[in-house]
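Here is a friendly walk through one protein chain, written to be read with the model open beside you. Take a moment to turn it around before you start.

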Amino acid sequence: MVSAGAWLLNKRTLEKRFVNITGSLLGNREINQLAFVVKNIESANEAFTKLLGIKKAESFLTGDSYVSKVVFKGKPTDSQSKLAFLNTPTVQFELIEPDKNPGIMREFLDTVGDRIHHIAFDADSIQKKLPSMAWLYGIANG
């Protein structure tokens, strides 16, 4: 089962961070993608299609090391992932099943299991928005 409860922010942290802030830090309140790292893409795909009432997405394999040139912890790796993109009218769900080779997605799955990996928003200029989002890195990794 895929869990969507990857981030829990307590009320005190939110109050400290958002005092005197109006609107969205990114200038956009619309999430356009939720991505999950999963152990089994086929069962996750089935679960999401039933939950959302949409058509099952075809999965595909990312490029091999010659194409993608993946580096993990400073070393080249043959890591690949199966991906599936499920589209709804408001948000896209990305499912990521890493292979057994060392890589960031494999490490994520082995460390925390089936979980949400990232949330995507549109931003006019990511470079302009990064400084206002720096505190979030501390929450997510602290």
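## A starting point in the sheet

Ala 35 stands opposite Glu 94 in strand E6. That pair is a handy place to begin, and please keep in mind throughout that this is a predicted model. Ala 35 falls within strand E1, which covers residues 31-37, while E6 covers residues 92-98. E1 and E6 pair in the parallel sense, with five bridges between them. Another contact point along the E1 and E6 pairing is Gln 33, whose bridge partner in E6 is Gln 92.

What does E1 pair with besides E6? E1 is also joined to E7, by six bridges, and these two strands run antiparallel. Within that pairing, Phe 36 has Ile 116 of E7 as its bridge partner.

## The sheet as a whole

Now zoom out a little. The sheet is open and has five strands, in the order E2-E5-E6-E1-E7. Its pairing is mixed, and you have already met both kinds: parallel between E1 and E6, antiparallel between E1 and E7. At the edges sit E2 (60-61) and E7 (115-121), each of which pairs on one side only.

Is E1 enclosed or open to the outside? Five of its seven residues are buried, so E1 is largely enclosed by the rest of the structure. Helix H4 (residues 104-112) lies across several of these strands, namely E1, E5 (81-87), E6 and E7. Relative to E7, H4 runs at about 130°.

## The whole chain

How many helices and strands does the chain have? The count is five helices and seven strands. Read from the N terminus, the elements follow the pattern α-β-α-β-α-β-β-β-β-α-β-α.

The chain has 142 residues, and 29% of them count as buried. Its accessible surface comes to about 9900 Å², with 55% belonging to carbon and sulfur atoms. Among contacts with a separation of 6 or more, 65% are between residues 24 or more positions apart. One pair of residues separated in sequence is Pro 89 and Asn 32: they are 57 residues apart along the chain, and their C-alpha atoms are 9.9 Å apart in space.

## On the surface

Have a look at the outside next. Ile 31, Ile 119 and Phe 121 make a nonpolar surface patch of about 230 Å². Ile 119 belongs to strand E7, one of the edge strands. Why does Ile 119 count as partly exposed? Its relative accessibility is 40%, and partly exposed is the class between 20% and 50%.

Pro 89 can be found in the loop between E5 and E6. With a relative accessible area of 87%, Pro 89 is exposed.

## Three salt bridges

The structure holds three salt bridges. In one of them, the side chains of Glu 42 and Lys 56 meet at 3.1 Å, N to O. Glu 42 lies in helix H2 (residues 41-52) and Lys 56 in the loop between H2 and E2, so this pair ties together parts that are 14 residues apart in sequence. Both partners are partly exposed: Glu 42 has a relative accessible area of 36%, and Lys 56 has 38%.

Two further salt bridges involve helix H4. The side chains of Lys 73 and Glu 107 meet at 2.9 Å, N to O. This pair links distant parts of the chain, with Lys 73 in the loop between E3 (71-72) and E4 (75-76) and Glu 107 in H4, 34 residues apart. Lys 73 is exposed at 63% relative accessibility, whereas Glu 107 is partly exposed at 29%.

The other pair is Asp 110 and Arg 106, whose closest N and O atoms are 2.7 Å apart. Because they are four residues apart in H4, about one helical turn separates them. Which partner is buried, and which is exposed? Arg 106 is buried, with a relative accessible area of 11%, while Asp 110 is exposed at 55%.

How values were computed
Residues are numbered from 1 along each chain as its sequence is written. This is a predicted model: local features need pLDDT of at least 70, side-chain atom pairs count only at pLDDT 80 or more; totals for chains, interfaces and linings use all residues. Side-chain values use heavy atoms; hydrogens and water are left out. Two strands pair if DSSP finds at least two bridges between them. Contact means heavy atoms within 4.5 Å. Axes are lines fitted to C-alpha atoms, for helices over the stretch in contact, and angles run from 0 to 180 degrees between N-to-C directions. Buried means under 20% relative accessible area, exposed over 50%, partly exposed in between (1.4 Å probe, protein chains only). Accessible areas come from the Shrake-Rupley method with a 1.4 Å probe; for residues, only the protein chains shown count as cover. Patches are made of residues with over 30% relative accessible area and no salt bridge: like charges are joined within 9 Å, nonpolar side chains (Val, Leu, Ile, Met, Phe, Trp, Tyr) within 5 Å. A salt bridge is a side-chain nitrogen of Lys or Arg within 4 Å of a carboxyl oxygen of Asp or Glu.
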